[in-house]
Amino acid sequence: MTSRKRRPRHHNRWQQILARLRPAEVELLLFLALFGQAFLVRWPYLLRLPHFTDEMGEVRWALGIWRGEHLPFTAQETYLGALHAYLLAGCLWLFGPSVALPRLLVCVIGALTVAFTYLLGRELAGRAVGVLGAALLLTLPQHIVVNSHVAWQNSTTPLYTTIACIALLKGLAVADPASSWRAARWFLLAGLAFGLAFQTHLGVIVLAPALLLACVWRLWRGQRGALLWATAFGGVGAVVGAAPLLGYNLVHRLVGVERVQRSRGYAFETDHSPLAYLRNLKNLLLELARMVSNPFQVPERFTGYLTSFQLLVMVALAVGGIWLLARRGQPLPLLALLTTALMMPYFNHAYGVDGDRPLVTGRYVAFLLPPLLVACATAFLALMQVGGRWLAHLFQRSRSLQLLLVSFSGASAAALTLLLVLYPLLPLTRYYHEESARDPANETFLTTLRVVQQQRSAQTPVLLDRNGLVNIDLRDGASAFDILDLLLTLDQIPHQVTRNPAADLPQAVGNASNPTTFPLIIMMRDECWPLREQLPLQRVSGRLVLRELYPTVPSYYGVYRYLPGQQQIAGCLPSEGATPGD
């Protein structure tokens, strides 16, 4: 008699541990696993791409809060709330200044959005849809490159809108006389989350009618108490969540709205003609199609969209999933898309075309990504189920073929799912490689910090020449001077700004006999070259390249050390030609 083969002890131990887990604990582990994987996918190139933008202004605003210089009710721009600035100030208080911290906070929030997308999908269509919907957002280039990298507070909007949708669905699910107070708490949370989302950007106002119409839908299906509780408690929560922003603008005569109309022409639509509306609507829908597939390519003609197989598949899945969810009594994704498409083209025209940058402008409608990807997951899993049943029916008379078919269909479904989830990483990797070679700005700035840290001591003065660097506009509202000034601060490098290096460098020397007090200065080649006959400057860095200012003059700068009492040193980068030693 043969003895039964024993399983390894560690296998039985893991089985016992898993058997003891409660459903809530399993959900928590799944939530944390999705968050961790999403964070790892978002970590590469976090500081490298995209290049630093006017996010620097928002970070500087948070620095002021951390230092106690102000306690504002709004962000730097009065049409935005101060929520994210206080979050970043809290992180600065906990961890101290760091170059990586502003983008790291946004990266964590982006990863949390992936995990909460699972909860949204679970509420709409079950656990399997939730997992696949979260996995699709996990590898989505648009959400990785912008909403998880750029330190705008608008990058965080999808987290709050997703939480608002989850809470509303939870409230509607229990909206009956027996559990009215329980539903009221969910509606209050939904309104609060929406109010916080409104602080991150005014554009999410287009989602408010969708949330209300979802309640009306349930009213039509017989849950008459749902609308009353949703509007009352949800409205209270929304006002509380947006109270600082609303209160400030009411007291100051809607100064935020005036600011948008006056200075945000790159996005705010002033032409309210039917032709402009239809153009914006078309561009909005095409941008959404790119965002759920490949946001890096903008075809010159509409027919170019028909050549992208990935785009056609994802759009078909999104449309099919929205229709399926509506048929199953879950119209929220459909309503969110409809109200956004109907309202946003009236006041916004920035959709990645007509000179706008395709990735950056996607942040205005990125709050639609979680429900759209949940819809894609719904349609994809429904297709897999239909295909499996069709094959089983086709070979129902052959038992052996059915067993073979089960294995084949399972392997095929797994392969297609992996392809659907992992394929977006190909254009993402291509973007990283091509854009990092085309745009050296962030790497140059980070190299500058490393050079300064290596060359300085605690007694070394560091000067930042404003003259040339302030003229290098890297687009999106940030100059090279603004970026370097803030990065030096975040890297905890004491420095002073100079407009007259010839006068300020000799005065910055602490002790002419102590080389550690000889100052370092960061300045453009154009500013250093005229000083070569006046000051002994030694170049301690290589050619630090930015973008081209002029067609024939490269935009680059260097880090130099002032050496008092020394003979003239040919340290400045030459005005033209190759740099010796580079």
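**Helix crossing and unusual backbone angles**

Colleague: At roughly what angle do the axes of helix H3 (residues 55–67) and helix H4 (residues 83–95) cross?
Modeller: In this predicted model, local features need a pLDDT (the predictor's confidence in each residue, from 0 to 100) of at least 70, and side-chain atom pairs count only at 80 or more, while totals for chains, interfaces and linings use all residues. Residues are numbered from 1 along each chain as its sequence is written, and side-chain values use heavy atoms, without hydrogens and water. The axes, lines fitted to C-alpha atoms over the stretch in contact, with angles from 0 to 180 degrees between N-to-C directions, come within 8 Å, and those of H3 and H4 cross at roughly 60°.

Colleague: Which class do the residues in the contact of H3 with H4 belong to?
Modeller: Contact means heavy atoms within 4.5 Å, and among the residues making it are Trp61 and Trp66 of H3 and Tyr86 and Trp93 of H4. Ala, Val, Leu, Ile, Met, Phe, Trp, Tyr, Cys and Pro count as nonpolar, Asp, Glu, Lys and Arg as charged, and the others, Gly among them, as polar. With no polar and no charged residues, the contact has 12 that are nonpolar.

Colleague: Is Gln492 buried or exposed?
Modeller: Gln492, in the loop between helix H23 (480–490) and strand S2 (496–498), has a positive phi near 55°. Buried means under 20% relative accessible area, exposed over 50% and partly exposed in between, with a 1.4 Å probe and protein chains only. At 53% relative accessibility, Gln492 is therefore exposed.

Terms used
Helix = DSSP H or I, 4+ residues; strand = E, 2+ residues; numbered from the N terminus.
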